[in-house]
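Welcome to a short tour of the strands in this structure. Please take a look at the sequence and the fold before reading on.

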Amino acid sequence: MSELLAPSGRHQYFHEGRLVYEWDQTISEVNIYIDVPPGIRAKQMFCDITTQHLKFGLTGNPAFMDQPLGGQARVSESCWTLEDSTLHVTLTKLQPGDPWRSAIQGHELSAMDATKEQERLVLERFQKEHPGFDFSGAKFSGAAPNPSTFMGGMPSGLS
């Protein structure tokens, strides 16, 4: 049932009409997807992840992206892979349940999209806490609480 509350699509960031990257998030991770030119191999790339920063590109060249993150990542549990010409960066959230308004600082979601993300993350948390119930059709009658702080915060081992 939890797959019903998984991200239904990726958010996209465009610059000058060109898709730069896509991203989504779960209660515990933020995933960033960047198309790279065909034929590029992982050993030709570098990807540096710090708690608050992401930098990647082709070795020996200026970084393609060198930007602060939209939230804080747990570096020891974050990673990157290159598959089928897509760089996939998986950032484990330092604070599980914390809704990120953007994967990269300065590229924030609209207020409406941010609210929808927060509602989905709260429902994902409820689903993990109560696996026998289906929350996929649940709606909020008011503002959705922050899933990382609601009712005392995230239970340990839930993320």
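## The three-stranded sheet

Which strands form an open sheet, and in what order, when three of them come together? In this predicted model, the order is 4-5-6, and the pairing is antiparallel. Strand 4 (45-50) and strand 6 (65-68) take the edge positions with a single partner strand each, so one side of each has no neighbour in the sheet. From one strand to the next, the twist averages 5°.

If you would like to trace one of these pairings, try strand 5 (residues 53-58) and strand 6, which run antiparallel and are joined by four bridges. Within this pairing, F56 has M65 of strand 6 as its bridge partner.

## The five-stranded sheet

Another open sheet is built from five strands, again with antiparallel pairing, in the order 1-2-3-8-7. Here the edges belong to strand 1 (11-15) and strand 7 (79-83); each has a single partner strand, so one side of each is left without a neighbour in the sheet. Ignoring direction, neighbouring strands of this sheet are turned by 20° against each other on average.

Let us start from the edge at strand 1. Five bridges link strand 1 to strand 2 in the antiparallel sense. One pair to look for is F14 with L19, its bridge partner in strand 2.

## Strand 3 and its two neighbours

Moving along the sheet order, we come to strand 3. How many residues does the hairpin between strand 2 and strand 3 run through? The hairpin connects the two strands through three residues. Strand 2 (residues 18-25) pairs with strand 3 in the antiparallel sense, over four bridges. You can find W23 opposite I32 of strand 3 in this pairing.

On to the other pairing of strand 3: strand 8 (residues 86-92) runs antiparallel to strand 3, and seven bridges join the two. V30 is a handy landmark here, with L91 in strand 8 as its bridge partner.

## How enclosed is strand 3?

Why is strand 3 (residues 29-35) described as largely enclosed by the rest of the structure? The reasoning rests on accessibility: a residue counts as buried when its relative accessible area is under 20%. Five of the seven residues of strand 3 are buried, so the strand is largely enclosed by the rest of the structure. This goes alongside its place in the sheet order 1-2-3-8-7, where strand 3 is listed between strand 2 and strand 8.

Technical notes
Residues are numbered from 1 along each chain as its sequence is written. This is a predicted model: local features need pLDDT of at least 70, side-chain atom pairs count only at pLDDT 80 or more; totals for chains, interfaces and linings use all residues. Side-chain values use heavy atoms; hydrogens and water are left out. Buried means under 20% relative accessible area, exposed over 50%, partly exposed in between (1.4 Å probe, protein chains only). Two strands pair if DSSP finds at least two bridges between them. Axes are lines fitted to C-alpha atoms, for helices over the stretch in contact, and angles run from 0 to 180 degrees between N-to-C directions.
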